Amino acid sequence: MIGSGPGGLTAALALARAGQKVIVVEQHYLPGGWTHSFSLNGYLFSPGVHYIGELGPGGAVRRLYEGLGLSGDLEFCEINPDGLDHLIIGDERFDVPKGFDRLLARLTARFPQEAAGLERYFRVIRGLSDDLARLDTMLEFPRALLLPFKAPNLVRWGLRTQEDLLDATIRDPLLRAILAAQGGDHGLAPSRVALPIHASIVCHYFNGGYYPRGGAKRIPLAMIRALRRLGGQVRMRARVRRILVERGRAAGVELAGGEVLRAASVVSNADPAITYGELLPPELTIRERRKLRRMEYSTSLLSVFCAVDMDLRSMGYDSGNYWWYRGKEVGRIYERMEYQLPRGEVDGLFLTITTLKDPGHPTQGDHHTIEMFTFVPHAPFTRWKETHTGERGAEYEKLKESLGDQVMAAAEHVIPGISRAVVFRSVATPLTNDFYCASHRGAAYGTAKTPWQLGPLSFSIGTRIPGLYQCGASTLSHGVAGASVSGLMAAQRIAGVARMDDLLGPADGSLRVYPADRPEEWLHKRKATADELNETM
Ligand SMILES: Cc1cc2nc3c(=O)[nH]c(=O)nc-3n(C[C@H](O)[C@H](O)[C@H](O)COP(=O)(O)OP(=O)(O)OC[C@H]3O[C@@H](n4cnc5c(N)ncnc54)[C@H](O)[C@@H]3O)c2cc1C
């Protein structure tokens, strides 16, 4: 397994459970890819996980984690069910509640004149999500002939954008902005995002949002522990420089130091830009390299990690995500962020208070840790890509800190007074993403999920090289859930089992979930694990 992102570790663990001998090699010194966490000055940050859906009773991700035997090592906090996403658009605010019926009722009460449009809008969104859930079996011939009957929403809307659906159903500019405001979950404007992807992400959170206790790293750590119990190995700081192909078949990998690991199957959780662009011989990948040149990648981002000396809970803040937009033109803001750096002011911001999502989260004293993101293109940073952290010079540092200041200024709209209360701050650019997560051009979500880059038009789990498989954000879908399912699909192919479910143990309801905003009900019972939470590899 090349890479320890959620796709890679899910595949590795599922295969180990199926009795295979597995080794995971990861270039970073921390495991998890975008699910890694890092510590700075005693504060813990987890850039790539802010909420995961489907972890309530009967949820698909709960099924996966319980089925992989992770319940003993992994716990979640449920984030505010009355507002898992707080959308702040200019002077307006809308809180997205848990539960589709509550969401629809809240939207309809606020926009009664749009009631019929909202019904139509969500009928398509939910229909698409249902169709997608059936899709992997539907694309095979002759079942594909039934597609128009079994997946009618997909046939009609599969190659359309969210904007197409908004245009057909919703008129009110504020409502359109609200429905576009979770776009940061894929990073694309309504005019660009493939409707099926937008639909599946929105539906993913209908039944609540959950945050791993102890930070995102608890997910890879739980998986690695389970993997090691089954005899699997994980090696950090082990960069693969070549996938070995012998007699037309994947035969193993060669690490940067020259060590060769032979294997009957190789799975790459590295992005296809790395797999095809760097790890395989060019003569074997002409078609894939051509495809890579055509592929658009998702936008990159600027991150600000900070700690503040403020009593945010008593000020009324909670575990929900805060999405702030300067005005109702949310779609235009996303379009602009893809190709243009902010000019003096940031127009869109995502802010999360991790110490409220996860009471008991490692921090210094009573300080709260906050993570903030705004999308930026990679191009303005590309000229420094061959340089290392700390050696990029004054111009780079000035640009980085000035963007950090602009993010802080935008954060004042969410938490007035925050700038004066900051006790720690660190800014990360797209180059940081490249360095730590081996992302392609700093991409937040792998390939851009536009209509012509999905499903059979994206990168497939199986490859043209026998014995070589792929998984991760640029295959099936991005997100912890999407990447994990792609890993399970790769494992299914290798293990040769009929259904992905065959790789999982029983869903026994054992995964523990605590209410993030009511720590007084449970935290005292769990405080003993604070040391455990600081565990590293
Ligand atoms: C800012 C941000 C916020 C996000 N928030 C959420 C969220 O709230 N909820 C959610 O569900 N998703 C979220 N995501 C998305 C989610 O984190 C990712 O889509 C997902 O983790 C990607 O998983 P992956 O399996 O593709 O692997 P990746 O995380 O991309 O990991 C791939 C791994 O492969 C390794 N690798 C690459 N090349 C090599 C090589 N040559 N040798 C060895 N190792 C190699 C890399 O170092 C990396 O560890 C967020 C992403 C970002 C950027």
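Q: What makes E75, R213, D358 and R512 a network in this predicted model?
A: In this predicted model, the four residues E75, R213, D358 and R512 are linked to one another in a network of salt bridges.

Q: How do you know that R512 and E75 meet in a salt bridge?
A: The N to O distance between the side chains of R512 and E75 is 3.3 Å, and a salt bridge asks for a side-chain nitrogen of Lys or Arg within 4 Å of a carboxyl oxygen of Asp or Glu, so the pair qualifies. The partners come from distant parts of the chain, R512 from strand β19 (residues 512–515) and E75 from strand β4 (residues 75–78), and they are 437 residues apart.

Q: Why is E75 called buried or exposed, and what is R512 called?
A: E75 has a relative accessibility of 7%, and because buried means under 20%, E75 counts as buried. R512, at 34%, falls between the 20% and 50% limits, and therefore R512 counts as partly exposed.

Q: What makes D82 and R102 a salt bridge?
A: Their closest N and O atoms are 2.7 Å apart, which is within the 4 Å cut-off, so D82 and R102 form a salt bridge. D82 sits in the loop between β4 and β5 (85–89), whereas R102 belongs to helix α3 (residues 100–110), 20 residues apart.

Q: Why are D82 and R102 given the class they have?
A: D82 has a relative accessible area of 37% and R102 has 41%; since partly exposed covers the range between 20% and 50%, D82 is partly exposed, and R102 is classed as partly exposed too.

Q: How do you know that R192 and E338 form a salt bridge, and why is R192 classed as it is?
A: The closest N and O atoms of R192 and E338 are 2.9 Å apart, and the cut-off is 4 Å, so this pair is a salt bridge. With a relative accessible area of 21%, R192 is not under the 20% limit for buried, and therefore R192 is called partly exposed.

Q: What makes the pairs between the ligand and E26, Q27 and G7 polar contacts?
A: A polar side-chain atom of E26 lies 2.6 Å from an oxygen atom of the ligand, the value for a polar side-chain atom of Q27 is 2.7 Å, and a polar backbone atom of G7 is 2.8 Å from a ligand oxygen. The cut-off for a pair of N or O atoms is 3.5 Å, so these pairs count as polar contacts.

How values were computed:
Residues numbered from 1 in each chain as written. Predicted model: local features only at pLDDT ≥ 70, side-chain atom pairs only at ≥ 80, totals over all residues. Heavy atoms only, no water. Polar contact = N/O pair within 3.5 Å; in protein donor to acceptor, adjacent residues only side chain to side chain. Helix = DSSP H or I, 4+ residues; strand = E, 2+ residues; numbered from the N terminus. Buried < 20%, exposed > 50% of the residue type's maximum accessible area, 1.4 Å probe, protein only.
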